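Okay, thanks for making room for me today. I'd like to walk you through one model, so let me put it up on the screen.

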Amino acid sequence: MLHVIIGDDFVRLAAITDTNGDPYNLSGCAIWFTASKRRGVPDDAAAIRLYWDAAGASDGIIVDDPTSGVAAVALTPDLTDLLSQGAYYYDLQID
């Protein structure tokens, strides 16, 4: 579950690893983050949708070094202001 304070910044790091526990090289990948109040909500209907891709496009996900396997999910106050009170389920997908 995802808990944020409405109107505040929210930043969480995701350390993405392979099956051996080594950092997953994100070069050539895309990352999607979604958050919804209910499980099973389609990505395009989620309350929050963020992305990053290795070609340089991003909206709310920051990857400084793709070889590190670390991604930062950053919700701005403008985004958290749009949320209603309650818990949110989140999903982080790597493609």
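Let's start with the aromatics: the count comes to 2 aromatic pairs. By that I mean rings of Phe, Tyr and Trp (the six-membered ring for Trp) with centres within 6.5 Å; planes under 30 degrees apart are stacked, over 60 edge-to-face, and the rest tilted. As a reminder, a pair of aromatic rings is described by the distance of the centres and the angle of the planes.

Some housekeeping before the details. This is a predicted model, where local features need pLDDT of at least 70 and side-chain atom pairs count only at pLDDT 80 or more, while totals for chains, interfaces and linings use all residues. Residues are numbered from 1 along each chain as its sequence is written, and side-chain values use heavy atoms, with hydrogens and water left out.

Back to the rings. Trp32 and Tyr51 make a tilted pair, 5.5 Å centre to centre with 40° between the planes. Trp32 is in strand S2 (residues 30-36) and Tyr51 in strand S3 (residues 48-53), so you've got a link between distant parts of the chain, 19 residues apart. When I say strand or helix, I mean DSSP runs numbered from the N terminus: E, at least two residues, for strands, and H or I, at least four, for helices.

Are those two rings buried or exposed? Neither, really: Trp32 is partly exposed at 41% relative accessibility, and so is Tyr51 at 29%. The cut-offs are under 20% relative accessible area for buried, over 50% for exposed, and partly exposed in between, with a 1.4 Å probe and protein chains only.

Then there's Phe33 with Tyr90: the ring centres are 6.1 Å apart and the planes are at 25°, so this pair is stacked. Phe33 lies in S2 and Tyr90 in strand S7 (residues 89-94), so the pair ties together parts 57 residues apart in sequence. Here the partners sit in separate classes: Phe33 is buried at 4%, whereas Tyr90 is partly exposed at 49%.

Staying in S2, have a look at Thr34. Thr34 is buried, with a relative accessible area of 8%. Leaving out residues up to four places away in sequence, Thr34 touches Asp43, Ala46, Ile48, Arg49, Tyr89, Tyr90 and Asp91; a contact here is heavy atoms within 4.5 Å.

Now, the core. Which residues have the most contacts inside the largest nonpolar core? That core has 16 residues, and the ones with the most contacts inside it are Ile31, Phe33, Ile48, Leu50, Ile61 and Val63. The rule is buried Ala, Val, Leu, Ile, Met, Phe, Trp, Tyr and Cys residues joined through side-chain atoms within 4.5 Å. S2, S3 and S6 each supply at least two of the core residues. Ile48, beyond four places in sequence, touches Phe33, Thr34, Ala35, Leu75 and Leu83. In soluble globular proteins, nonpolar side chains tend to be buried together.

On to the sheet with S6 in it. We have an open sheet of 3 strands, order S1-S6-S5, with antiparallel pairing; two strands pair if DSSP finds at least two bridges between them. S1 (10-15) and S5 (61-62) are the edge strands, each pairing on one side only. S1 and S6 are joined by 6 bridges, one of them putting Ala15 opposite Val70. S5 is joined to S6 (residues 70-75) by 2 bridges: Ile61 has Val73 as its partner, and Ile62 has Ala72. As for S6 itself, 5 of its 6 residues are buried, so the strand is largely enclosed by the rest of the structure.

Right after that comes Thr76, in the loop between S6 and helix H1 (77-80). Thr76 is partly exposed at 38%, and its contacts beyond four places in sequence are Asp8 and Asp9.

Last stop: Lys37, in the loop between S2 and S3. Lys37 is also partly exposed, at 38%. What does the Lys37 side chain reach at 2.6 Å? The backbone oxygen of Gln85. There's also a polar contact with the side chain of Ser84, at 3.1 Å. Polar contacts are N or O pairs within 3.5 Å; within protein, one atom must be able to donate a hydrogen and the other to accept it, and residues adjacent in sequence count only if both atoms are side-chain atoms. Lys37 and Gln85 are 48 residues apart in sequence, yet 9.7 Å apart C-alpha to C-alpha.
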